[in-house]
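Student: I should like to go through a structure with you by way of short questions. Please show it first.

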Amino acid sequence: MANIVMHLLLALATTAIADGATTTHLQFYMHDTVTASAGSPVTAQRVVRGTTPLPGTPINRFGDMYIIDDPLTEGPDMTSSAVGRAQGFYLFAAQSADQALLLSGNMVFTAGKRNGSSIALLGRDAILDEVRELPVVGGTGGFRGATGYGLIRTHSVNFTNGNAVLKIDMYLSVSS
């Protein structure tokens, strides 16, 4: 049995090498601004108002949907170098206190060697969890055919106005 497992692992490793897949790790920060302030315009706009208030939050309801065009930066501060935009939507898809979202987002890179490329994420984002894992469902440009996952961590959040900064680590496999 051990020999069969060893042969399968070797076959899988050889296939990955033969396919010419490369592994890439990206790290950046997403600035989700629901409430504008001086120097920070709204980047996440509610377009659908849900019907049922969620437990523990004065702002959000089950069914709330936000369209996003959030800045992506190298560091957690908004003044750090811009790398792109997170464009898509999220909606509050759980009626419980865990406040899980359905997140559909394109990470569109607008600077550096990745300029013009994008990565698509789609999955459940349980925003109160310390670390959330979302699948990469594709990409364009230098990330064409990408697979992998993104780990999302809340770097900072203001529970009164809903503004948040998220740290995103992406682990991608891209065929060349």
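Student: How much space lies in the second largest pocket?

Tutor: This is a predicted model, in which local features need pLDDT of at least 70 and side-chain atom pairs count only at pLDDT 80 or more, while totals for chains, interfaces and linings use all residues. Residues are numbered from 1 along each chain as its sequence is written, and side-chain values use heavy atoms, with hydrogens and water left out. A pocket is an open set of points on a 1 Å grid over the protein atoms alone where a 1.4 Å probe fits, with protein on both sides within 12 Å along at least five of seven lines; its volume is the space filled by probe spheres set on the points, which are joined across faces, edges and corners. For the second largest pocket, that space is about 260 Å³.

Student: Which residues lie nearest the centre of the second largest pocket?

Tutor: Lining residues have an atom within 4 Å of a point. The lining divides into six nonpolar, ten polar and one charged, where Ala, Val, Leu, Ile, Met, Phe, Trp, Tyr, Cys and Pro count as nonpolar, Asp, Glu, Lys and Arg as charged, and the others, Gly among them, as polar. Of the 17 lining residues, those nearest the centre are His31, Thr33, Ser40, Met78 and Asn163.

Student: Which elements give two or more residues to the lining of the largest pocket?

Tutor: The largest pocket has a volume of about 500 Å³. Its lining comprises 28 residues, with Asn60, Ile127, Val157, Gly162 and Ala164 closest to the centre. Strands here are DSSP runs (E, at least two residues), numbered from the N terminus. The elements asked for are β1 (21-32), β6 (82-92), β7 (100-109), β10 (147-157) and β11 (164-175).

Student: What network do Arg46, Arg49 and Asp64 form?

Tutor: Asp64 pairs with Arg46 at 3.2 Å between the closest N and O atoms; Asp64 lies in the loop between β4 (61-62) and β5 (65-73) and Arg46 in strand β2, so the pair ties together parts 18 residues apart in sequence. Asp64 also meets Arg49 (3.7 Å, N to O), and Arg49 is in the loop between β2 and β3 (52-53), 15 residues apart from Asp64. Each contact fits the criterion of a side-chain nitrogen of Lys or Arg within 4 Å of a carboxyl oxygen of Asp or Glu. The three residues are thus linked in a network of salt bridges.

Student: Is Asp64 buried or exposed?

Tutor: Buried means under 20% relative accessible area, exposed over 50%, and partly exposed in between (1.4 Å probe, protein chains only). Arg46, at 30%, is partly exposed, and Arg49, at 42%, is partly exposed. Asp64 has a relative accessible area of 0% and is therefore buried.

Student: How far apart are the closest N and O atoms of Arg124 and Asp98?

Tutor: Arg124 lies in strand β8 (residues 118-126) and Asp98 in the loop between β6 and β7, so their salt bridge ties together parts 26 residues apart in sequence. Asp98 is partly exposed, at 29%. The closest N and O atoms are 2.8 Å apart.

Student: What is the phi of Gln99?

Tutor: Most residues other than glycine have a negative phi. Gln99 lies in the loop between β6 and β7 and counts as buried at 8% relative accessibility. Although Gln99 is not a glycine, its phi is positive, at about 50°.

Note on methods: Helix = DSSP H or I, 4+ residues; strand = E, 2+ residues; numbered from the N terminus.
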